[in-house]
Amino acid sequence: MKSIGVLTSGGDAPGMNAAIRAVVRTGIFYGYKIYGIERGYRGLLDEEIIEMDLSSVGDIIQRGGTILKSSRCEEFKTPEGREAAVEILEKYGIENLVVIGGDGSFNGANELSKLGVHTIGIPGTIDNDLAYTDYTIGFDTAMNTIIDAISKIRDTSSSHERVNIIEVMGRNCGDLALYSGLAGGAETIVVPEIEIKSDEIVKRIRTTQKRGKKHSIIVLAEGAGSFVNGAIGLKNDLMEKDGVDVRITVLGHVQRGGSPSAFDRILASKMGNRAVELIIEGKTAKVVGIKNNETIDMDISEALSLENNFDEESYEIAKVLSI
Ligand code: ADP
Ligand code: F6P
């Protein structure tokens, strides 16, 4: 009987469970034996491998996190580590592996494919930092978590006529800050892709203050910290230059949890299903994605070579709308 292994790796993301469910159920539908590999590549090297059936993915589509657990594993980055992984996969008769994770995890999958394992990647990360796909699983849910926080902080910001800095995740990608800032009506959005000085932020605050809006929300991407000396540097600068009262909220890991949105569940279900179809077609070293609302696939190496295109149009719209 042919078999498929599935693992989640790197930072977890809401919707990973829906993707696992889709892989397991589609695989079983087409007659494959399915193995869940716990704790990502670490668990693979530690042989944390369990057989999965239809009910092992019951009642998980609505749950955040990943039932398979996730981790980061340095040993897997070494050729010896990967050779050991291949031996373990061979021992279990696992010739296909679905890797749900971000670019690091995809690099690992690409390396494994060079050793003969059929690998397919599914993009699971809240960062939306993979250029080949319009969306990664978890991004939409994280964005909704952020706009909920922005709305709540805006209430108190408005009452106290303060400036509130909200720091969001995203590594070197500004998408979480950009789109949650646009959706949350942020007065200023600071992203790694576009340099902005604190003087310009002060100018924007003064302009809005002149027309009577005394509070201001600044969404700061964690990766853009160097432009403004981080949230604390920006706070000190604003207080010094403008005398405004500033508070900081670092949203942190709250952005990684929670029940996945409908969008993420549907995305994960379609991608998990497509990953198994690619295996059936004998494909390897591919990643699944979504472009213009169509499920697509691409060679992992090509996908990883594409540069992220920052959506400057949306950034400009957000600027215009927040005057
Ligand atoms: P993400 O997949 O979310 O980007 P990481 O960058 O932490 O997360 O990568 C997850 C894991 O993928 C790493 O801990 C490592 O085991 C594996 N990995 C990352 N980069 C490579 C690489 N170049 N070669 C082999 N494995 C890698
Ligand atoms: O890649 C997802 C992510 O949440 C990033 O946005 C963030 O920089 C990082 O992971 C945090 O990693 P950890 O959970 O290891 O602190």
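**Exercise 1. Is N128 buried or exposed?**

Solution. This is a predicted model. Begin with the place of N128: the loop between β5 and α5. Next, take the relative accessible area of N128, which is 5%. Buried means under 20%. N128 is therefore buried. Now turn to the backbone. Phi of N128 is near 55°, a positive value in a residue other than glycine. Most residues other than glycine have a negative phi.

**Exercise 2. Find the place of E161 and describe its phi**.

Solution. Look in the loop between α5 and β6 (163–168); E161 lies there. Then read the angle. Phi of E161 is near 50°. That value is positive, and E161 is a residue other than glycine.

**Exercise 3. Classify the ring pair of Y135 and F263, then place both residues**.

Solution. A search of the whole structure finds eight aromatic pairs. One of them joins Y135 and F263, with ring centres 4.9 Å apart. Their planes stand at 75°. Planes over 60 degrees apart count as edge-to-face, so this pair is edge-to-face. Now place the partners. Y135 lies in the loop between β5 (118–123) and α5 (139–160). F263 belongs to helix α10 (residues 262–280). The pair therefore ties together parts that are 128 residues apart in sequence. Last, check exposure. Y135 has a relative accessible area of 33% and is partly exposed. F263, at 32%, is also partly exposed.

**Exercise 4. Do the same for F139 and Y179**.

Solution. The ring centres of F139 and Y179 are 6.2 Å apart. Their planes meet at 85°, so this pair is edge-to-face. The pair links distant parts of the chain. F139 sits in helix α5, and Y179 in helix α6 (residues 175–183), 40 residues apart. How do they fare for exposure? F139 has 1% relative accessibility and counts as buried. Y179 has 24% and counts as partly exposed. Finally, put the rings together. Ring pairs link Y135, F139, Y179 and F263 into a cluster.

**Exercise 5. Which residues form a negative surface patch, and where is E80?**

Solution. List the members: E80, E83, E87 and E90 form the patch. Then locate E80 in helix α3 (residues 79–92). Now test its exposure. The relative accessibility of E80 is 56%. Exposed means over 50%, so E80 counts as exposed.

Note on methods
Residues numbered from 1 in each chain as written. Chains lettered and ligands numbered in written order. Predicted model: local features only at pLDDT ≥ 70, side-chain atom pairs only at ≥ 80, totals over all residues. Heavy atoms only, no water. Patch = residues over 30% accessible without salt bridge, like charges linked within 9 Å, V, L, I, M, F, W, Y side chains within 5 Å. Areas by Shrake-Rupley, 256 points an atom, 1.4 Å probe, with all protein chains shown as cover. Salt bridge = Lys/Arg side-chain N within 4 Å of Asp/Glu carboxyl O. Lys, Arg positive; Asp, Glu negative; His and termini not counted. Charge placed at Lys NZ, Arg CZ, Asp CG, Glu CD. Helix = DSSP H or I, 4+ residues; strand = E, 2+ residues; numbered from the N terminus. Buried < 20%, exposed > 50% of the residue type's maximum accessible area, 1.4 Å probe, protein only. Phe/Tyr/Trp six-rings, centres within 6.5 Å; stacked < 30°, edge-to-face > 60°.
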